[in-house]
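Let's walk through this chain together, starting with its strands and ending with its overall dimensions. Have the viewer open as you read.

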Amino acid sequence: QVQLVESGGGLVQAGGSLRLSCAASGRTFSTYAVGWFRQAPGKQRELVAGISSSGGTITYADSVKGRFTISRDNAKNTVDLQMNSLQSEDTAVYYCAAVGWGRSPSSWTYWGQGTQVAVSS
């Protein structure tokens, strides 16, 4: 079992930055990959970024490449998502996911409750 708790969402102006954090507990953190997904109203949930168990493999959605950075600290059991140059299109509920890989939400086993990110233009 893995429990995930997201934090760091909020309201920010376009061009601004936010840092999301996902705190994990339960299963040994360094043994599984973690991903950040987002879901905007009326849209499907999409993978934003994923990081492997060691941090050696990272993937990003094309829409966030160069603006978002995912990182993990296996000593603190956390995965962060640094989001810069935010745009209105980034407005969504952001979810942390664990134990899985790939762009399909069905490929991931555990989910956090989500944190809202709103970007005003």
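A quick convention before we go in: two strands count as paired if DSSP finds at least two bridges between them. Keep in mind, too, that what you are looking at is a predicted model.

With that rule in hand, take strand S9. S9 and strand S11 (residues 115-120) run antiparallel and are joined by three bridges, and in that pairing Tyr94 has Thr115 of S11 as its bridge partner. Strand S10 (residues 108-111) is also antiparallel to S9, again with three bridges; if you want a spot to zoom in on, Gly100 stands opposite Trp108 in S10. Then there is strand S4 (residues 34-39), which pairs with S9 in the antiparallel sense over six bridges. One of the residue pairs to look for is Val34 with its bridge partner Ala98 in S9.

How enclosed is S9 by the rest of the structure? Largely so, because seven of its nine residues are buried. Buried here means under 20% relative accessible area. While you are looking at strands, a general point is handy: in a regular strand the side chains alternate between the two faces of the sheet.

S9 also carries one end of a disulfide. Cys22 and Cys96 form that bond, with their sulfur atoms 2.0 Å apart. It ties together distant parts of the chain: Cys22 sits in strand S3 (residues 18-26) and Cys96 in S9 (residues 92-100), a separation of 74 residues. The count for the model comes to one disulfide. For the torsion-minded, the angle about the S-S bond is about -75°, so this disulfide is left-handed. Which side of the burial cut-off do its two ends fall on, buried or exposed? Cys22 has 1% relative accessibility and therefore counts as buried, and Cys96 is buried with a relative accessible area of 0%.

Now step back along the sequence to the loop between strand S8 (78-83) and S9, where you will find Asp90. It's a loop residue worth a click: Asp90 has a relative accessible area of 1%, so it is buried. What does its side chain make polar contacts with? The side chain of Arg38 is one partner, at 2.9 Å, and the side chain of Arg67 is another, at 2.8 Å. If you set aside neighbours within four places in sequence, the residues in contact with Asp90 are Arg38, Arg67, Phe68, Ser85, Val117 and Val119.

Zoom out to the whole chain. There are zero helices and eleven strands, so the pattern along the sequence is β-β-β-β-β-β-β-β-β-β-β, with helices and strands taken as DSSP runs. Among contacts with a separation of 6 or more, 56% are between residues 24 or more positions apart.

Finally, the dimensions. The C-alpha trace spans about 40 × 30 × 25 Å along its principal axes. A compact globule of 121 residues would have a radius of gyration near 14 Å, and the chain's 13 Å agrees with that. Of those 121 residues, 44% count as buried. The accessible surface comes to about 5800 Å², and carbon and sulfur atoms account for 47% of it.

Key: Residues are numbered from 1 along each chain as its sequence is written. This is a predicted model: local features need pLDDT of at least 70, side-chain atom pairs count only at pLDDT 80 or more; totals for chains, interfaces and linings use all residues. Side-chain values use heavy atoms; hydrogens and water are left out. A disulfide is a pair of cysteine sulfur atoms within 2.5 Å. Helices (H or I, at least four residues) and strands (E, at least two) are DSSP runs, numbered from the N terminus. Buried means under 20% relative accessible area, exposed over 50%, partly exposed in between (1.4 Å probe, protein chains only). A polar contact is a pair of N or O atoms within 3.5 Å; within protein, one must be able to donate a hydrogen and the other to accept it, and residues adjacent in sequence count only if both atoms are side-chain atoms. Contact means heavy atoms within 4.5 Å. The radius of gyration is taken over C-alpha atoms; the globule rule is 2.2 Å times the number of residues to the power 0.38. Accessible areas come from the Shrake-Rupley method with a 1.4 Å probe; for residues, only the protein chains shown count as cover.
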